[in-house]
Amino acid sequence: MEAVEQLKQWIKESENIVFFGGAGVSTESGIPDFRSQDGLYHQQYDYPPEQILSHTFFMKKPEEFFRFYHNKMIAADAKPNKAHLALAKLEWEGKLKAVITQNIDGLHQDAGSREVLELHGSVRRNHCMRCGKFYGLETIQAQAGVPRCSCGGMIKPDVVLYEEGLDMDTLNKAVAYISQADVLIVGGTSLTVYPAAGLVDYYRGKKLVLINRDATPLDGSADLVINGKIGEVLSQACG
Ligand SMILES: [Zn+2]
């Protein structure tokens, strides 16, 4: 049986599917992986993205952080793609329990997904570091440079930076969903970013599906490997 047909069958039979996705889910909406450095990168920035996106850097050089953040992390015009829409449909049909994502763009919610666990936070939530006041994405976009609260404090995006821990509540929920899942679909991630990548180890079922453009370190332990575009694969398998 062709791999996509096998996935289609498993989806049809299951009412406890969990999806775990990475940057590849968003790239099909035109959002580049922020780790990718194009030819212009070194003309525009003096530091590698991993350094700019660290807590230390944020505290020491917020102007430079937000210059990168505005240019590379916020994609206000991006729309959900076929992968987001297929997953939202599965949830509405009562088949999918949760989407666990490493992405911070909020596109799963735009597609209609309700149970979305954002391991690395979201650009759509921001808080004043002094008084704790909440701000949406519009405030960050509207202010060039370092965004400031009405109290004068600096506003920090609820995005997990390097050196910062993941939110334990979100992580625990993700572990619970994965450990109880019947079908676990992992897509658009090279499974190299820890600790998020270690979550797959909590899966106890026999229907681990990996959908990725390229090979991943977990291909050998997966029950089904599909190399292809995640949007196309999911829309075919859910159609
Ligand atoms: Zn404030």
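# Questions on a predicted three-domain model

User: In this predicted model, in what order do the 3 strands of the open sheet lie?

Analyst: The sheet is open and is built from 3 strands whose pairing is antiparallel. Its edge strands are β5, residues 134–135, and β6, residues 155–159, each of which pairs on one side only. Read across the sheet, the order is β5-β4-β6.

User: Which residue in β5 is the bridge partner of His-127?

Analyst: Strand β4, which covers residues 121–128, runs antiparallel to β5 and is joined to that strand by 2 bridges. In one of the pairings between these strands, Asn-126 stands opposite Tyr-135. For His-127, the bridge partner in β5 is Phe-134.

User: Which residue takes a positive phi in the hairpin of β4 and β5?

Analyst: The hairpin leaves 5 residues between its two strands. Within this hairpin a positive phi near 85° is taken by Gly-132.

User: Over how many bridges do β4 and β6 pair?

Analyst: One point where these strands face each other is at Cys-128, which stands opposite Ile-155 in β6. The two strands pair in the antiparallel sense, and the number of bridges is 5.

User: Which helix packs on the sheet, touching β4 and β6?

Analyst: The direction of this helix makes about 45° with that of β6. Its buried residues include Phe-65, Phe-66, Phe-68 and Tyr-69, and the buried residues pack against α3, α4, α5 and α9 as well as against β4 and β6. The helix, which spans residues 62–73, is α6.

User: What area do domain 2 and domain 3 bury between them?

Analyst: Domain 2 covers residues 32–74 and domain 3 covers residues 124–155, and their C-alpha centres lie 19 Å apart. The contact takes 8 residues from domain 2 and 11 residues from domain 3. Of the area buried between the two domains, 81% is on carbon and sulfur atoms, and the total is about 700 Å².

User: Which three residues supply 58% of the area that domain 2 buries against domain 3?

Analyst: The share asked about concerns the domain 2 side of the contact, and no other three residues there supply more. The residues are Phe-66, His-70 and Ile-74.

User: Is Leu-161 buried or exposed?

Analyst: Leu-161 lies in the loop between β6 and α10, and, leaving out residues up to four places away in sequence, it touches Leu-53, Ser-54, His-55, Phe-58, Phe-65 and Lys-156. Its C-alpha atom is separated by 9.1 Å from that of Ile-52, although the two residues are 109 residues apart along the chain. Because the relative accessible area of Leu-161 is 5% and the cut-off for burial is under 20%, Leu-161 is buried.

User: Which side chain joins that of Ser-14 in a polar contact of 2.7 Å?

Analyst: Ser-14 has its place in the loop between α1 and β1, and at 1% relative accessibility it counts as buried. Leaving aside neighbours within four places in sequence, Ser-14 is in contact with Lys-95, Asp-182 and Val-183. The polar contact of 2.7 Å is made with the side chain of Asp-182.

User: At what distance does the side chain of Thr-101 reach the backbone nitrogen of Asn-103?

Analyst: Thr-101 is found in strand β2 and counts as buried, at 2% relative accessibility. Residues that Thr-101 touches include Gly-21, His-108 and Val-116. The distance from its side chain to the backbone nitrogen of Asn-103 is 2.9 Å.

User: Which residue has a side-chain oxygen that reaches the backbone nitrogen of Ala-83 at the start of α7?

Analyst: Helix α7 covers residues 82–92, and its buried residues include Ala-83, His-84 and Leu-87. What covers these buried residues includes α1, β1, α2, β2, α8 and α11. At the start of the helix, the oxygen that reaches to within 2.8 Å of the backbone nitrogen of Ala-83 belongs to Asn-81.

User: Which residues of β9 point to one face and are buried?

Analyst: In a regular strand the side chains alternate between the two faces of the sheet. Strand β9 runs parallel to β8, to which 4 bridges join it, and Val-225 is the bridge partner of Leu-210. Along β9, Val-225 and Asn-227 point to the other face and are not buried, whereas the buried residues are Leu-224 and Ile-226.

Key:
Residues are numbered from 1 along each chain as its sequence is written. This is a predicted model: local features need pLDDT of at least 70, side-chain atom pairs count only at pLDDT 80 or more; totals for chains, interfaces and linings use all residues. Side-chain values use heavy atoms; hydrogens and water are left out. Two strands pair if DSSP finds at least two bridges between them. Contact means heavy atoms within 4.5 Å. Axes are lines fitted to C-alpha atoms, for helices over the stretch in contact, and angles run from 0 to 180 degrees between N-to-C directions. Buried means under 20% relative accessible area, exposed over 50%, partly exposed in between (1.4 Å probe, protein chains only). A polar contact is a pair of N or O atoms within 3.5 Å; within protein, one must be able to donate a hydrogen and the other to accept it, and residues adjacent in sequence count only if both atoms are side-chain atoms. Domain bounds come from an automatic or database domain assignment. Buried area is the accessible area (1.4 Å probe) that two parts lose on being put together, summed over both.
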